[in-house]
Amino acid sequence: MQLSQEDRISPQEKSSGTNGLAIIAIIAVVALSAGGYYYLSGNEKAEEPQIIAPVVIPDPLPAEPLETEAVPEPEVVEVIPEPVQLPEVEPTPEPEPLPALGDSDAYVQQQVTAVADGMAIEPLLIEDNVIRQFVVFVDNLAQGELARKVSPLKSPSTSFTASDIANKTYINPDSYHRYDLYADFLASLNDEELAKTYKKVTPLLNEAFAELGYNRTSFDERMQQAIEVMLDAPIIEQPIELDGVSVNYQFVDPKLEALPNAQKLMVRMGPENARKVKSALRRLQKQLN
């Protein structure tokens, strides 16, 4: 079909259309900008925000355990201890039965000889009723008396002597040696062995002491009293003057003469022997406590 002259678009009309589109685009941009300005400035009611549904976050899945290589259990090695060898313990021997009091002389002499440990004490020991006479002798010592007739030991074999010096009589120092064997015997006693022997014969001592009729005291108490009496005896270093003749000698010093007979015996032993006896008595006293 042949276009008429009216149907053709002149270049001027085409340019005018293009300018119109550009104007429309500018107006749209300005309108959008103005809308944004009013929204930001609050001069116009803003559009209600779109409600967005909350996003549900699923619970986290439990973490799967890490795969680890199985560690083998340590091998248990059984250790068998070596047997411990205990020292051999020797059985405690049964105590030797005590003889009857009336038949105890040989037994007591055996015990005293063992305690003497080789010292020649046999010549000093009496042979009959050793326990009974010892108990009576100790009972008298506790009262300060000296019961010579019931002494468990024999009297010294040598006699007491005196010396006259410048018309005065004194104890002869050689007379002190009459008691050396007795004092040395007591001084050499082993405390432990003495204690063992004393404990062994204690039942016999108690039986003999009961025969004396005591009800309110024991033999151990009586022994302690006797020891105290002997320990209270003085030790005299200087020469001791006497008055009288032979067995009737008396001490010139009234203090010495007033001593109990048991303590006078300690004085007649001399200072060295008296110290030995007192030392032995103190050790015995500790064993009895």
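At what angle do the axes of helix α4 and helix α9 cross, and how close do they come? Let's start there, and please keep in mind that this is a predicted model.

Helix α4 covers residues 180-187, and helix α9 covers residues 271-288. Their axes come within 8 Å and cross at roughly 30°. Angles under 35 degrees count as roughly parallel, and α4 and α9 are therefore roughly parallel to each other. As for the hand of the crossing, α4 passes α9 in a left-handed way.

Which residues do the touching between α4 and α9? On the α4 side you can find Asp180, Ala183, Asp184, Leu186 and Ala187. They meet Asn273, Lys276, Val277, Ala280 and Arg283 in α9. Sorted by class, the residues of this contact of α4 with α9 are five nonpolar, one polar and four charged.

Now let's move over to helix α5, residues 191-210, which has two partners to show you.

The first partner on my list is helix α6, residues 219-231. The axes of α5 and α6 come within 9 Å and cross at roughly 100°. That makes α5 roughly perpendicular to α6. If you are following along on the screen, look for Tyr198, Leu205, Asn206 and Phe209 in α5, which meet Phe219, Asp220, Arg222 and Met223 in α6. The contact of α5 with α6 has five nonpolar, one polar and two charged residues.

The other partner is helix α3, residues 130-142. Here the axes of α3 and α5 are 9 Å apart, and the packing angle is about 65°. That makes α3 roughly perpendicular to α5. The crossing of α3 and α5 is right-handed. From α3, the contact takes in Ile131, Arg132, Phe134, Val135 and Asp139, and from α5 it takes in Leu204, Leu205, Ala208 and Phe209. What classes do these residues of the contact of α3 with α5 fall into? Seven are nonpolar, none are polar and two are charged. You may have spotted some familiar names: Leu205 and Phe209 of α5 meet α6, and Leu205 and Phe209 also take part in the contact with α3.

Next, empty space. Rolling a probe the size of a water molecule over the atoms shows where empty space is left. How many cavities of 30 Å³ or more does a search of the whole structure find? The search finds one, and the largest cavity has a volume of about 30 Å³. Its lining is made of Pro234, Ile235, Ile236, Met266, Val267, Gly270, Pro271 and Ala274. Helix α9, which we met at the start, comes back here: α8 (261-268) and α9 each supply at least two residues of that lining. By class, the lining has seven nonpolar residues, one polar residue and no charged ones.

Finally, a stop at a single residue, Tyr170, which sits in strand β2, residues 168-171. Tyr170 and Glu241 are 71 residues apart along the chain, yet their C-alpha atoms are separated by 4.3 Å. Leaving out residues up to four places away in sequence, Tyr170 touches Ala162, Ser163, Ile165, Pro239, Ile240, Glu241 and Leu242.

That's my tour, and thank you for listening!

Methods. Residues numbered from 1 in each chain as written. Predicted model: local features only at pLDDT ≥ 70, side-chain atom pairs only at ≥ 80, totals over all residues. Heavy atoms only, no water. Axes fitted to C-alpha atoms, helices over the stretch in contact; angles between N-to-C directions. Helix = DSSP H or I, 4+ residues; strand = E, 2+ residues; numbered from the N terminus. Parallel < 35°, antiparallel > 145°, perpendicular 65-115°, else oblique. Left-handed = near helix turned anticlockwise from the far one by under 90°. Contact = heavy atoms within 4.5 Å. Nonpolar A, V, L, I, M, F, W, Y, C, P; charged D, E, K, R; others polar. 1 Å grid on protein atoms, 1.4 Å probe; cavity = no way out; pocket = protein on both sides within 12 Å on 5 of 7 lines; lining within 4 Å. Points joined across faces, edges and corners; volume = space filled by probe spheres on them.
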